Amino acid sequence: KLKTIFLDGHGWNDVLQTKRKLAVLVHANPPQIAMSFLFHANTIASRVYPDRSIPLVSNVRVADRSRWRAWFSRLTYRKVSRIVCVSQGVANHVQQF
């Protein structure tokens, strides 16, 4: 059975608080593997799970070409174990990083 947890983050204003919440949960009950979905969750999860040697699979659904997202994506994708994309076009975009 998979357990889903919502940390009530609502964008960049909640990033640090959400990262702390996730780190506390992971420390208390580390999973064997983790999965994140969508940009903000991928970014936060990439700063928590790999630091604890927990494999992270990130899901990407948009080939966003904005410069600031590209910068964060480079940092994020370097730390994840695997990336799942919704299409070949998104996969081609992600391979640039």
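In this predicted model, the structure holds 2 salt bridges. In one of them, the side chains of aspartate 51 and lysine 79 meet, with 3.1 Å from N to O. Aspartate 51 lies in the loop between helix H2 (39-45) and strand S2 (56-60), while lysine 79 lies in the loop between helix H3 (67-77) and strand S3 (82-85), so this pair ties together parts that are 28 residues apart in sequence. Lysine 79 has a relative accessibility of 31%, and because buried means under 20% and exposed means over 50%, lysine 79 counts as partly exposed.

The other salt bridge joins the side chains of aspartate 64 and arginine 69, with 3.5 Å from N to O. Aspartate 64 is partly exposed at 26% relative accessibility, and arginine 69 is also partly exposed, with a relative accessible area of 22%. The table sets out the two pairs.

| Salt bridge | N to O distance |
|---|---|
| Aspartate 51 and lysine 79 | 3.1 Å |
| Aspartate 64 and arginine 69 | 3.5 Å |

**The chain as a whole**

The protein chain has 4 helices and 3 strands, and when it is read along the sequence these elements follow the pattern α-β-α-β-α-β-α. The radius of gyration of the chain is 13 Å, close to the 13 Å that the globule rule gives for 97 residues, so the chain is as compact as a globular protein of that length. Taken along the principal axes, the C-alpha atoms fill a box of roughly 35 × 30 × 20 Å.

Of the 97 residues in the chain, 33% are buried. The accessible surface comes to about 6900 Å², and carbon and sulfur atoms account for 54% of that surface. If one considers the contacts between residues at least 6 apart in sequence, 55% of them join residues that are at least 24 apart.

**Strand S2 and its partner**

How many of the residues of S2 are buried? The count is 5 of the 5, so the strand is largely enclosed by the rest of the structure. In a regular strand the side chains alternate between the two faces of the sheet. In S2, Leu56, Ser58 and Val60 point one way, whereas Val57 and Asn59 point the other way, and all of these residues are buried. Strand S1 (residues 34-37) pairs with S2 in the parallel sense, over 4 bridges. Within this part of the model, methionine 35 stands opposite valine 57 in S2.

**The largest nonpolar core**

The largest nonpolar core has 13 residues, and those that touch the most other members are Leu22, Val26, Ala34, Val48, Tyr49, Ile54 and Leu56. The elements that give two or more residues to this core are helix H1 (15-28) and H2, and H1 gives the most, with 4 residues. Tyrosine 49 offers a closer view of this region: when residues up to four places away in sequence are not counted, tyrosine 49 touches Leu22, Val26, Pro31, Ala34, Ile54 and Leu56.

**Valine 94 in the last helix of the pattern**

Valine 94 has its place in helix H4 (residues 88-94). Is valine 94 buried or exposed? Its relative accessibility is 9%, and because buried means under 20%, valine 94 counts as buried. Leaving aside neighbours within four places in sequence, valine 94 is in contact with Val60, Tyr77, Ile83 and Cys85. Val60 in that list belongs to S2, where it points the way that Leu56 and Ser58 do. Valine 94 and alanine 41 are 53 residues apart in sequence, and their C-alpha atoms are 16 Å apart in space.

**Two residues with positive phi**

Aspartate 8 has a phi near 65 degrees, which is a positive value in a residue other than glycine. Aspartate 8 is found in the segment before H1, and at 42% relative accessibility it counts as partly exposed. Serine 53 likewise has a positive phi, of about 60 degrees, although it is not a glycine. Serine 53 is found in the loop between H2 and S2, which is the loop that also holds aspartate 51. At 68% relative accessibility, and because exposed means over 50%, serine 53 counts as exposed.

Definitions and conventions:
Residues numbered from 1 in each chain as written. Predicted model: local features only at pLDDT ≥ 70, side-chain atom pairs only at ≥ 80, totals over all residues. Heavy atoms only, no water. Salt bridge = Lys/Arg side-chain N within 4 Å of Asp/Glu carboxyl O. Buried < 20%, exposed > 50% of the residue type's maximum accessible area, 1.4 Å probe, protein only. Contact = heavy atoms within 4.5 Å. Core = buried A, V, L, I, M, F, W, Y, C linked by side-chain atoms within 4.5 Å. Rg over C-alpha atoms; globule rule 2.2 N^0.38 Å. Areas by Shrake-Rupley, 256 points an atom, 1.4 Å probe, with all protein chains shown as cover. Pairing = 2+ DSSP bridges.
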